[in-house]
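Hi,

Here is the model I said I would pass on. Have a look at it first, and my notes on what turned up are underneath.

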Amino acid sequence: MPRHLSFRTLKLKWLWALVALLLVVALASGGICVARALSDETPAASAPDAAPATAAPPVPSASPTANALPTKSAIAPDFSLPPIEDGMVPVLTKIPTAQKVVFLTIDDGGAKLPEDVALLRANKIKASLFLAKMFIANDPDYFKQFLTDGSKIENHTMSHQLNFIKLGYQEQKNEICKMADFEEQTYGRRPVFFRPPGGPYTNAIRKAAAECGMKAIVTWEAKANAGRVDYQVGQALRPGDIVLMHFRPEFAQDFQAFLDAKNAAGLEVVLLEDFLKVP
Ligand SMILES: [Zn+2]
């Protein structure tokens, strides 16, 4: 009985040993297969796939310049231009938006420096140019250079009268309509935005602008001037701010002050017309 038992035990031991051996062999060969599969496939699969697979993750996180590209494509305009109501265009001083964007506008057109074109181009910045005929009449073609880089030309009256608000309605309308006609003939696009000289406006001016085909009066929230940025509210640029600059001899310093301010605020410059989807 004990012998029989021990024989059975022995037999079982051998059986277990055999099972264990088979398991080990099976696992080892399987492991080898998995290991071979991994070692074969990773390089093989990574060869065609590796370029996008390994290159893609570091690109957005590695360099700050590359980071700007996904951000740019991620901007989704969340504000639409209000319609003309009671015959009057809406007034935009800043854009109510959650997007980290800021808008650059450049006025008048007095100084026409070649390096100013290069500055915007080098920084890939598009701006809305509010030009007045009295400043640009001697060389309207200068501003075509900005158009080829994507900027837009808008309306800032014929003669830039600083008492514009006090002029009669017909005179105000002439100042706006004639400039819109001139810009349409000269640059091939009728302006859609109007900025009164000095900034002040009345309901009559809003109406005159609408009758000339304008879609909005655009004022500003911050100003790049004398090499620094002045804010109407707070001490920094905020999302949606419209910034005013001028074509002046100190353009480069003002532009740099604007760039520093928008970088400090983590904002991206977007063309107002693009954001509002106006042609
Ligand atoms: Zn002006």
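Let me start at the metal site: His160 is buried, with a relative accessible area of 14%. Keep in mind throughout that this is a predicted model. His156 counts as buried too, because its relative accessibility is 2% and the cut-off for buried is under 20%. Both histidines bind the zinc ion through NE2, and Asp108 joins them through OD, with these protein donors lying 2.0 to 2.1 Å from the metal. If you want to find the donors in the sequence, look for the spacing D-x47-H-x3-H.

Some bearings on the whole chain, before more detail. The protein chain has 279 residues, and 39% of them are buried. I count 10 helices and 10 strands in it. Of the contacts with a separation of 6 or more, 73% are between residues 24 or more positions apart.

Now for the strands. Strand 3 covers residues 128–131, and its side chains split two ways: Ser128 and Phe130 point one way, Leu129 and Leu131 the other, and all of them are buried. That fits the general pattern, since side chains in a regular strand alternate between the two faces of the sheet. Strand 3 has partners in strand 2 and strand 4. With strand 2 (residues 101–108) it pairs in the parallel sense over four bridges, and Asp107 stands opposite Phe130 there. To get from strand 2 to strand 3 the chain passes through helix 4 (residues 114–122), making a right-handed β-α-β crossover. With strand 4 (residues 152–155), strand 3 again runs parallel, and four bridges join them. Phe130 has Glu154 as its bridge partner in strand 4.

Helix 7 is worth a look as well. It spans residues 169–187, 19 residues in total, and reaches 27 Å from its first C-alpha to its last, close to the 27 Å expected. Its buried residues include Ile176, Cys177, Met179, Ala180 and Phe182. Among the elements covering the buried residues of helix 7 are strand 3, strand 4, helix 6 (144–148) and helix 8 (203–211). Right after helix 7 comes Gly188, which has a positive phi near 80 degrees.

How many disulfides are there? The count comes to one, and it joins Cys177 to Cys212 with an S to S distance of 1.9 Å. The link of Cys177 and Cys212 is left-handed, at -95 degrees about the S-S bond. Cys177 sits in helix 7 and Cys212 in the loop between helix 8 and strand 6 (216–218), so the disulfide ties together parts that are 35 residues apart in sequence. Are these cysteines buried or exposed? Cys177 is buried at 17% relative accessible area, and Cys212 is buried at 2%.

One last residue, Lys207, which lies in helix 8. Lys207 is partly exposed, with a relative accessible area of 37%. Leaving out residues up to four places away in sequence, Lys207 touches Gly87, Met88 and Tyr169. The C-alpha atoms of Lys207 and Val89 are 6.5 Å apart, although 118 residues separate the two along the chain.

Cheers

Methods. Residues are numbered from 1 along each chain as its sequence is written. This is a predicted model: local features need pLDDT of at least 70, side-chain atom pairs count only at pLDDT 80 or more; totals for chains, interfaces and linings use all residues. Side-chain values use heavy atoms; hydrogens and water are left out. Buried means under 20% relative accessible area, exposed over 50%, partly exposed in between (1.4 Å probe, protein chains only). Two strands pair if DSSP finds at least two bridges between them. A crossover is right-handed if, with the strands pointing away from the viewer, the path from the first strand over the helix to the second runs clockwise. Donors are N, O and S atoms within 2.8 Å of the metal (3.2 Å for Na, K and Ca); water is not among the atoms, so sites may look incomplete. The expected span of a helix is 1.5 Å times one less than its number of residues. Contact means heavy atoms within 4.5 Å. A disulfide is a pair of cysteine sulfur atoms within 2.5 Å.
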